[in-house]
Amino acid sequence: MAQKPRILHLTHEMAIGGTQQVISQLVTNLDSERFDCEIGCLDGEVGSIGDRLQSAGTVFHVFHRGDGFDLELVKAVRRLLKKEKYDLVHCHQYTPYVYGIFASMFTGTKVVFTEHGRFHPDRYSWKRRLINLVLGRLTHSIVAISVATRQALAHYEWFSEKQIKVIYNGLEPYKASGNLTPWREQFGIPDGVLVFGTIARFDSIKNIPMMINAFKDVYGNNPNTRLLLVGDGDERSKLEELAQESGVADAVIFTGFQQDTAKLMSLIDVYLLSSFSEGTSMTLLEAMSSGTCSIVTGVGGNVELIEHGVSGIVVKSEDTSALAVSMSALAIDPDRREILGKEASKKFNERFSITSMIDGYSQTYDNVLGQG
């Protein structure tokens, strides 16, 4: 029997984030009789998601990236590829891709690159554009997690759009079980109030101030509402100050980092995603899978997940007034919330299941490894 292919997933680290969730899903759900997966972390940290995978038996290789372009890191990754005889290195995000592809040269290890999202604002880099003309020819497969991400790779990075395959993120359906009352009590959510909420890394690209400013208008007319902000990050103190200044601090609930996001998603009646930029949001998929209706900004992959007026509501980026109006409308219309949530769940099951994602990557690996 031929030895099964060995795959190294190369990333920054395995803390909390959409990229890390995708890698975790791949390592956990790929057919272990067909693929042998390990993970390499470039930035010296395994992280919380990585800790769980490591405890379950996944092998990790941790590097410590230096400032600038770290040639010693290239050499270290190259030594690992040669020593462990990986058939394929799957690079997640652009920086791991650059290190992975240089390390793989003349080793026989093939390269898959997945772009998981874009920065905001997106911008040209002539240095990148020129080098990508070469790197693209040396890459066996490029994957984008949305059509919008594929278009950005082609437009800003000069990768050939024909070379880029779209594989949407997928996950297991989120369904919380058990009594949710203790959770409502823990976070001070009275029975009968309507909860708007999000689960996110508190980063500027998520534009959470837009939610707080919109909620201020909603709460002024409907005090029987709350805004649940699940997560943590560099922006937290600014967000807490904004809630205080806006006079809604008593109605905006900061939970901090939480492991069991399924239960917290079950507390949310209307999910909010007001990002400046998105690929395929894992938390939006979680909301869809649980049948929670959503309001999202019309950026990136959001409009590929949510059809306005059918499976959710789409508003323009930075249009706080439109977000407030949509929130207010859904707050008083439970039937509409239920219809939108059911359609979102239906679309999730049709297009964004874990099975669809795993099948897409399995086929990609098979195609790459079958190349001469």
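This report walks through one predicted protein model, from its overall build to a few single residues.

**Overall build**

The protein has 15 helices and 13 strands. Its C-alpha trace spans about 65 × 45 × 35 Å along the principal axes. How does its radius of gyration fit a compact globule? For 372 residues, such a globule would have a value near 21 Å, and the protein has 21 Å, so the two agree. Of the 372 residues, 54% count as buried. Now take the contacts in the protein with a separation of 6 or more. Residues 24 or more positions apart account for 71% of them.

**Strand 12 and its partners**

Strand 12 covers residues 293-297. Is this strand mostly covered or mostly open? It is mostly covered, with five of its five residues buried. Both faces are covered. One side carries Cys293, Ile295 and Thr297, and the other carries Ser294 and Val296.

Strand 12 has a parallel partner in strand 11, residues 270-273. Four bridges join this pair. In one of the pairings, Tyr271 has Ser294 of strand 12 as its bridge partner. The chain leaves strand 11, passes through helix 11 (residues 282-289) and arrives at strand 12. This β-α-β crossover is right-handed.

Strand 13, residues 313-315, also runs parallel to strand 12. Three bridges join these two strands. Here Ile295 stands opposite Ile313 of strand 13.

**Helix 13**

Helix 13 runs over residues 320-331, twelve residues in total. From its first C-alpha to its last it reaches 16 Å. That is close to the 16 Å expected at 1.5 Å a residue.

Which residues of helix 13 are buried? They are Leu323, Ala324, Ser326, Met327, Leu330 and Ala331. These residues cover an arc of only 165° around the axis, so they sit on the same side of helix 13. A general rule helps here. An α-helix has 3.6 residues a turn, so residues three or four places apart point the same way.

What do the buried residues of helix 13 pack against? Their neighbours include strand 11, strand 12 and strand 13. They also pack against strand 8 (194-199), helix 8 (208-221) and helix 14 (334-351). Strand 12 thus appears again, as part of the surroundings of helix 13.

**A buried glutamate**

Glu38 lies in strand 2, residues 36-41. Is Glu38 buried or exposed? Its relative accessible area is 8%, and buried means under 20%, so Glu38 is buried. Leaving aside residues up to four places away in sequence, Glu38 touches Arg6, Ile7, Leu8, His9, Val59, His61 and Tyr86. His12 is 26 residues from Glu38 in sequence. In space, the two are 14 Å apart, C-alpha to C-alpha.

**Two residues with positive phi**

Lys85 has a positive phi although it is not a glycine. Phe106 is likewise a residue other than glycine with a positive phi. The table sets out both.

| Residue | Phi | Loop | Relative accessibility |
|---|---|---|---|
| Lys85 | about 55° | between helix 3 (71-84) and strand 4 (88-92) | 61% |
| Phe106 | near 65° | between helix 4 (94-104) and strand 5 (110-115) | 82% |

Are these two residues buried or exposed? Exposed means over 50% relative accessible area. At 61%, Lys85 therefore counts as exposed. At 82%, Phe106 therefore counts as exposed too.

Notes. Residues numbered from 1 in each chain as written. Predicted model: local features only at pLDDT ≥ 70, side-chain atom pairs only at ≥ 80, totals over all residues. Heavy atoms only, no water. Buried < 20%, exposed > 50% of the residue type's maximum accessible area, 1.4 Å probe, protein only. Pairing = 2+ DSSP bridges. Right-handed = clockwise from strand over helix to strand, strands pointing away. Expected span 1.5 Å × (residues − 1). Arc of directions from axis to C-beta. Contact = heavy atoms within 4.5 Å. Rg over C-alpha atoms; globule rule 2.2 N^0.38 Å.
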